[in-house]
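Biologist: Could you walk me through this one, starting with how the strands are arranged?
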Amino acid sequence: MNEIKVGLVGFGPAGSFFHAPLIAATPGLRLAAVVTRDPAKAEPVRATGADVVDSAEELWDRADLIVIAAPNRTHVPLATAALRAGLPVVVDKPLAGTAAEAAGLIRLARERELPLTVFQNRRWDGDFLTIQRLRAELGEIRRFESRFERWRPVPKGGWRERGGPGELGGLLYDLGSHLVDQALHLLGPVAAVYAESDVRRAGVEAEDDVFLALEHVSGARSQLWMSAVAGQLGPRFRVVGSERTYVKWGLDGQEDRLRAGERPDAPGFGVEPEEAWGRLGVEGDVRAVASEPGAYLDFYRGVVAMIREKAAPPVDPEGVVAALAVLEAAKVAASERRVVSIPVSVPQPGA
């Protein structure tokens, strides 16, 4: 296979700012067709060299790989249809609304002997990569504080803010999918979850101010904040280890650069300026540490290897099952105002 033709479902912010540019910059991939019924998006799609089609079914004969970047509620049915059509699939986060639904998709992919992966791009944030590099200097990580906070007092509208539970909107499944995924990727399985979830802005139906406290099986604790109503932002990361603490302010810059139209394969694309570096140490002995370059392109390079070389997927969907179990527990914890235990065994693909 000289060229992997990609069919993209959806050309909203995820499709247009993330997937399309990353696909275009990845050797071996070509964006062949995009599903969108929005006339305003048709011209930008054609500018990429891709065809515009009205339905996902029109992709099955045009593509070697399907990428799903449509609204969250469509992820499971679209991924199911693509797998049944015999095509490898990339699904934007969240993979599904429940751990059981995600496990069902994984079973189907196994039955069809097809690759399936999830776009958890924040694993390739430069600051998160830096934390992994610093593990030996941090010592035993005892507390992991992580935030995605914004100041958006006026709602933007759309399904993420106005949709009901069936839309899988709100910050828990949006930003929380990233924060929980990073916490599990760094510190392993979760034993118990506490959550606070609120709707703070008029005209919004889905949660816009959320806090999660996770107790990991290892004994480490994660505290995760996601908010659209934070007038002053807290640190992006504060990682407390037995030997040192790492504190980082400000978001990884790759998203802003993609939104500004910069090519993700441009020299220095993921490099963070020195003034944005985090600081490592203990009181009286703290130093700035260079951030690892952000590397969103590595996800799609991994997708190419997954298809051509039968390599492991860049994001193992089984790990996402565990993260979805945490999100489900968080919903219960917030609504019932209690700590929710996570079973040792969450739904597994082979169940």
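Modeller: One term before we start, keeping in mind that this is a predicted model: two strands count as paired if DSSP finds at least two bridges between them.

Biologist: Fine, so which residue of strand 13 is the bridge partner of threonine 245?
Modeller: The partner of threonine 245 is glycine 281, and strand 12, residues 245–248, is joined to strand 13, residues 278–282, by three bridges, with the two strands running antiparallel.

Biologist: And what is the order of the strands in the sheet?
Modeller: It is an open sheet of nine strands with mixed pairing, and the order reads 14-13-12-11-7-10-9-8-15.

Biologist: Which are the edge strands?
Modeller: Strand 14, at 285–289, and strand 15, at 340–341, are the edge strands, each of them pairing on one side only.

Biologist: Which strands does helix 12 lie across?
Modeller: Helix 12, residues 317–336, lies across strand 8 (190–198), strand 9 (209–216) and strand 15, and its direction makes an angle of about 55° with strand 8.

Biologist: Switching to helices, at what angle do helix 5 and helix 9 pack?
Modeller: Helix 5, residues 126–133, packs against helix 9, residues 175–187, at about 15°, and their axes are 11 Å apart. Because angles under 35 degrees count as roughly parallel, helix 5 is roughly parallel to helix 9.

Biologist: Is that crossing left-handed or right-handed, and which residues make the contact?
Modeller: The crossing of helix 5 and helix 9 is right-handed; helix 5 contributes Phe128, Ile131 and Gln132 to the contact, while helix 9 contributes Gln182, His185 and Leu186. Sorted by type, the residues of this contact are three nonpolar, three polar and no charged.

Notes
Residues are numbered from 1 along each chain as its sequence is written. This is a predicted model: local features need pLDDT of at least 70, side-chain atom pairs count only at pLDDT 80 or more; totals for chains, interfaces and linings use all residues. Side-chain values use heavy atoms; hydrogens and water are left out. Helices (H or I, at least four residues) and strands (E, at least two) are DSSP runs, numbered from the N terminus. Contact means heavy atoms within 4.5 Å. Axes are lines fitted to C-alpha atoms, for helices over the stretch in contact, and angles run from 0 to 180 degrees between N-to-C directions. Angles under 35 degrees count as roughly parallel, over 145 as roughly antiparallel, 65 to 115 as roughly perpendicular and the rest as oblique. A crossing is left-handed if the near helix is turned anticlockwise from the far one by less than a right angle, and right-handed if clockwise. Ala, Val, Leu, Ile, Met, Phe, Trp, Tyr, Cys and Pro count as nonpolar, Asp, Glu, Lys and Arg as charged, and the others, Gly among them, as polar.
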